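Got your viewer open? Let's take a walk through this one together, one selection at a time.

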Amino acid sequence: MAIGLTGRDLELVRKTAILGGLGEDALTALLSDGVVKTPERGEVIFMQGDPANAFYVVLDGWVKIYRMTVAGEEAVVGIFTAGQSFAEAAAFTAGKFPVSAEGVTDCRLLMIPSNHLFDRIRNSPEIGLSMLASTSQHLHALVHQVQQLKAHTGAQRLAEFMLSHAPVDDGACTIALPYDKALIAAHLGMKPESLSRAFARLKEYGVGVKRNMATIQDIARLRDFFEQERAEVLRSRS
């Protein structure tokens with residue numbers, strides 16, 4: 001068992017795309033290499049160009065993945081929260097991290113070093129298959145993100161973001177967001193003022209936000225809004 005991993009953490013790990021499909025023996029072997037890290041808000045987890053010596057599962061908090069452009073600007077590639085993994089593709093190839101990672105909030109991360117990873121895969125090929133499946137999932141998410149930027153309105157993007165992070169499938173829920181809303185805006189390809197307008201638009205569909213806490217009164221209602229908006233966009237393009 002990874003050092004610092006609680007029973008609640010283990011339940012979360014079992015639901016992740018990368019580790020959830022593993023058998024008990026393979027999961028136990030992989031977790032025996034792991035350790036729980038607790039980076040603070042603003043702390044760099046790894047830098048672009050560093051040796052890819054581990055992959056991570058978020059247990060608590062938010063992490064941003066970004067690249068620095070030629071102009072010296074930060075381009076947000078993705079943001080991850082509890083139950084999501086990152087950096088597995090780089091660890092799998094034993095290359096260098098193509099991006100940087102930073103804690104957006106105080107975080108708890110399960111770090112699984114890659115130094116014994118290939119031995120683990122040789123003993124349990126299902127680990128390699130799970131990593132490939134998770135990497136494929138991230139690739140599909142990036143493709144979908146590009147499609148979002150071209151086809152979805154700001155309110156649609158925000159609605160889908162909220163739905164994807166809702167902890168339940170029906171009813172009401174609360175979602176802890178990063179304090180820095182500009183991060184969400186960057187992830188969704190919007191300006192901060194556009195994000196504010198999108199939140200205002202979603203207010204009439206039961207979405208409220210106060211500081212870093214967002215509430216959804218009825219997930220089904222928000223999902224209906226998203227589907228209706230998508231249908232209207234498709235009709236306008238036909």
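**First stop: the cores**

You're looking at a predicted model, and a good place to begin is inside. The largest nonpolar core has 39 residues. Select Leu19, Leu31, Phe46, Tyr56, Val63, Phe86 and Leu110: these are the ones with the most contacts inside that core. Now color the elements that each supply at least two of its residues: helices H1 (7-13), H2, H3 (88-93) and H4 (117-123), along with strands S2, S3 (54-60), S4 and S8. Which strand gives the most to this core? That's S3, with 6 residues.

Next, pick Ile79, Ala155, Leu188 and Ile219. They belong to a second, separate core, which has 31 residues.

Zoom out for a moment to take in the whole thing. The protein has 9 helices and 11 strands, and buried residues make up 45% of its 238 residues. Take the contacts between residues at least 6 apart in sequence: 73% of them join residues at least 24 apart.

**Second stop: helix H2**

Select residues 24-31, which are helix H2, and show the side chains of Ala26, Leu27, Leu30 and Leu31: these are the buried residues of the helix. Turn the view until you look down the axis of H2. The buried residues fall within an arc of 125°, so they line one face of the helix. Here's the background: an α-helix has 3.6 residues a turn, so residues three or four places apart point the same way. Leu31 should look familiar, as it was on the list of residues with the most contacts inside the largest core.

**Third stop: an open sheet**

Now show strands S2, S7, S4 and S5. These 4 strands form an open sheet in the order S2-S7-S4-S5, with antiparallel pairing. Strand S2 (44-46) and strand S5 (74-81) stand at the edges with a single partner strand each, so one side of each has no neighbour in the sheet. From one strand to the next, the twist averages 30°.

Walk across it, starting at S2. S2 and S7 pair over 2 bridges, and if you click Phe46 you'll find its bridge partner in S7, Ala101. Moving on, 4 bridges join S7 to S4; here Val63 stands opposite Gly103 of S7.

While you're on S7, show its side chains and backbone. Which way do its residues point? Ser100 and Glu102 point one way, Ala101 and Gly103 the other, and all of them are buried.

The last step takes you from S4 (residues 62-68) to S5, a pairing with 7 bridges. Try two pairs here: Trp62 has Thr81 in S5 as its bridge partner, and Met68 stands opposite Glu74 in S5. S4 and S5 form a hairpin with 5 residues between them. In that turn, select Gly72, whose phi is positive, at about 85°.

**Last stop: Thr105**

Follow the chain past S7 and stop at Thr105, in the loop between strand S7 (100-103) and strand S8 (108-113). Is Thr105 buried or exposed? Buried: its relative accessible area is 12%. Show its neighbors and you'll see that Thr105 touches Pro39, Glu40, Arg41, Gly61, Trp62 and Pro178, leaving aside residues up to four places away in sequence. Finally, draw a distance from the side chain of Thr105 to the backbone nitrogen of Trp62: the side chain reaches that nitrogen at 3.0 Å. You met Trp62 a moment ago, as the bridge partner of Thr81.

Terms used:
Residues numbered from 1 in each chain as written. Predicted model: local features only at pLDDT ≥ 70, side-chain atom pairs only at ≥ 80, totals over all residues. Heavy atoms only, no water. Buried < 20%, exposed > 50% of the residue type's maximum accessible area, 1.4 Å probe, protein only. Arc of directions from axis to C-beta. Polar contact = N/O pair within 3.5 Å; in protein donor to acceptor, adjacent residues only side chain to side chain. Contact = heavy atoms within 4.5 Å. Pairing = 2+ DSSP bridges. Axes fitted to C-alpha atoms, helices over the stretch in contact; angles between N-to-C directions. Core = buried A, V, L, I, M, F, W, Y, C linked by side-chain atoms within 4.5 Å.
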